[in-house]
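Trainee: I have the file open. Can we go through the labels and what justifies each?

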Amino acid sequence: MTEAPKGLRLHIALFGRRNAGKSSLLNALSGQPVSIVSDTPGTTTDPVEKTLEMAPLGPVVFLDTAGLDDDGELGRLRAERSLEIMRRTDVALLVTDGRIWGRTEAAAAARLRSLEIPFVVVRNKADADSGAKETTDAPDRPEGLDAAVPVIRASARSGLGLGEIRAAIERIAPESALRQPPLLSDLLPEQGVLLLVVPLDTGAPRGRLILPQVQAIRDSLDGRKICLATTDKDLPAALRRLKEAPDLVVCDSQVVHTVDRETPSDIPMTTFSVLMARFKGDLPALARGAAALGRLHPGDSVLIQEACSHHPQHDDIGRVKLPRLLRGLAGGELHFRMAAGKEFPDSAGDCAAVVHCGGCVITRGQMLARLRAATEAGCPMTNYGLAISLAQGVLARVLSPFPDALRAYRKARAQA
C-alpha cells in the first residue's frame with residue numbers, strides 16, 4: 001500500500017445551492033480539474049470524490065455535492081443525497097453565491113450543527129462583488145450564525161481566500177480525524193512480540209492481505225514492536241517454536257474458536273474486528289450491542305450493514321456465516337436485511353439489532369455517526385467480529401485486553 005486508505009483521510013465536503021461555485025472552488029482548492037464546471041445549474045448530479053494530499057492537512061478526500069436547492073422529483077432526490085453525504089463528512093464548506101443567505105443556507109448550517117460537523121461559510125464569487133475589499137474577512141455575518149463559525153470571502157476564479165480556507169479547515173478539523181490513534185501498538189510493551197493469525201481463505205486471494213491485517217502490521221512496526229504472522233493451521237507449531245510466549249495474539253474472527261483453543265489462557269488474545277471496533281468506533285458501546293444479540297428471539301429483524309460493496313462469496317461472512325450464527329443465538333429463524341455502501345439506512349430503528357462490518361474503508365467519524373444514528377433509533381449496534389466471538393462463546397476473552405469494554409459487556413449482559 002503506497003497511499004493512505006480513504007478510511008484514514010480527512011473528508012471535506014462542499015455544500016450549497018446550485019451554481020454557487022462549489023465545483024469551481026473544489027478545482028481551485030485541489031489544483032486539479034476534479035469536477036465539471038458549467039454555468040448551467042445542476043451540473044453536479046451525483047457526489048464527486050477526489051483523494052489527494054493537501055498541505056498542510058496531508059491526505060484528504062474532497063466531496064463535491066449536488067445543489068441543496070435542486071427542484072423537481074429528481075432534483076429533490078439529488079438534494080437528499082447531498083444531505084446524506086453529511087454523515088460521511090469531517091469538515092464542511094458551506095458555499096454561498098456571494099452574499100446570498102436564505103433558508104437553504106440556514107437549514108444546511110442547522111443540520112451541520114446538529115450533526116456536530118465543524119464548518120466554514122465560504123462567500124464565493126467575491127471578485128464579482130462590487131463591494132469587495134482586499135481583506136478576506138466577510139464584511140457581514142449571516143444573521144443567527146454562530147460566532148465561532150469562520151466566514152471567508154473567496155473567489156475560485158482569482159484565488160482570493162483559498163489560503164484562508166485551507167487554514168480554517170486545519171484549525172477546525174476534529175483532532176480524531178487528523179491524528180489517528182494506534183491500532184494495537186499501545187497494547188504491547190517496548191519491543192513486544194505480536195503474533196498475527198491469518199487464515200488463507202477465499203476472503204484473502206493469493207498475494208493479498210485484507211486491510212486490517214495490513215494496518216496491524218504497519219502499526220506494530222511504527223510502534224517498534226516485533227511482528228510475526230502465521231496461519232491458523234500453523235499456530236500450534238508457531239507457539240512451540242517461540243522461546244517466549246507472545247505478548248499479544250490477534251486473529252481473524254472466523255478462526256477465533258480454533259485460536260482460542262490453541263492459545264494458552266495466560267496469553268492475551270483478541271481479533272482484528274475488536275481492534276477495528278476500538279480504532280474506528282466506540283468499543284464499549286459496540287460491546288453492549290453484542291450483549292443485546294443474546295436477547296434476540298425468533299422472528300426478530302436484524303440489519304447487517306457493510307461499509308463497502310463487494311461481490312458476495314459462496315460462503316460470504318455477512319450473507320451466509322453471520323446469519324447462521326445469529327439464528328443459533330436466537331434459537332430460530334430471523335429476518336435479515338442486508339445493506340451495503342456508503343449510506344446508513346434511516347430505517348435501522350425497525351430492527352432488533354444492527355451488525356456492522358469492521359468499517360475499514362470508512363472514517364472513525366463516519367462509523368461514530370452510524371453508531372449515533374442507531375442509538376438514537378433505539379437499536380443496539382455491534383460489529384461482525386464481536387458478534388462472531390459472542391456466538392463462539394469467546395467474547396469475554398477477546399475483550400480482556402480492553403477492561404472498559406469488558407465491563408460494559410458484562411454489565412449489559414447482566415441487565416438482560
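Mentor: Start with helix α6, residues 211–222, which lies across β7 and β8 and runs at about 175° to β7. This is a predicted model, where local features need pLDDT of at least 70, side-chain atom pairs count only at pLDDT 80 or more, and totals for chains, interfaces and linings use all residues. Residues are numbered from 1 along each chain as its sequence is written, and side-chain values use heavy atoms, with hydrogens and water left out.

Trainee: What makes a run a helix or a strand?

Mentor: DSSP runs: H or I over at least four residues for a helix, E over at least two for a strand, numbered from the N terminus. Angles run from 0 to 180 degrees between N-to-C directions, with axes fitted to C-alpha atoms, for helices over the stretch in contact.

Trainee: Which other helix packs on the sheet?

Mentor: Helix α9, residues 272–280. Helix α9 touches β7, β9 (248–251) and β10, and its direction makes about 75° with that of β10. Touching is contact: heavy atoms within 4.5 Å.

Trainee: How do you know that β7 and β8 pair?

Mentor: Pairing takes at least two DSSP bridges between two strands. Strand β7 (residues 193–197) and β8 have five, in the parallel sense. One case: Val 193 has Ile 226 in β8 as its bridge partner.

Trainee: What is the strand order, and why are β8 and β10 at the edges?

Mentor: The open sheet has four strands, ordered β8-β7-β9-β10, with parallel pairing. β8 (226–230) and β10 (269–271) each have a single partner strand, so one side of each lacks a neighbour in the sheet. On average, neighbouring strands are turned by 25° against each other, direction ignored.

Trainee: Why are α10 and α15 called roughly parallel?

Mentor: Their axes cross at roughly 30° and come within 8 Å. Roughly parallel means under 35 degrees; over 145 is roughly antiparallel, 65 to 115 roughly perpendicular, the rest oblique. α10 and α15 are therefore roughly parallel to each other.

Trainee: Which residues make that contact?

Mentor: Among them are Leu 283 and Ala 287 of α10, and Ala 408 and Tyr 409 of α15.

Trainee: Why is Ala 353 called buried?

Mentor: Buried means under 20% relative accessible area, exposed over 50%, partly exposed in between (1.4 Å probe, protein chains only). Ala 353 has 0% relative accessibility, so Ala 353 counts as buried. Ala 353 sits in strand β13, residues 353–356.

Trainee: What does Ala 353 touch?

Mentor: Leaving aside residues up to four places away in sequence, Ala 353 touches several, including Leu 293, Val 302 and Pro 380. The C-alpha atoms of Ala 353 and Pro 380 are 5.1 Å apart, across 27 residues of chain.
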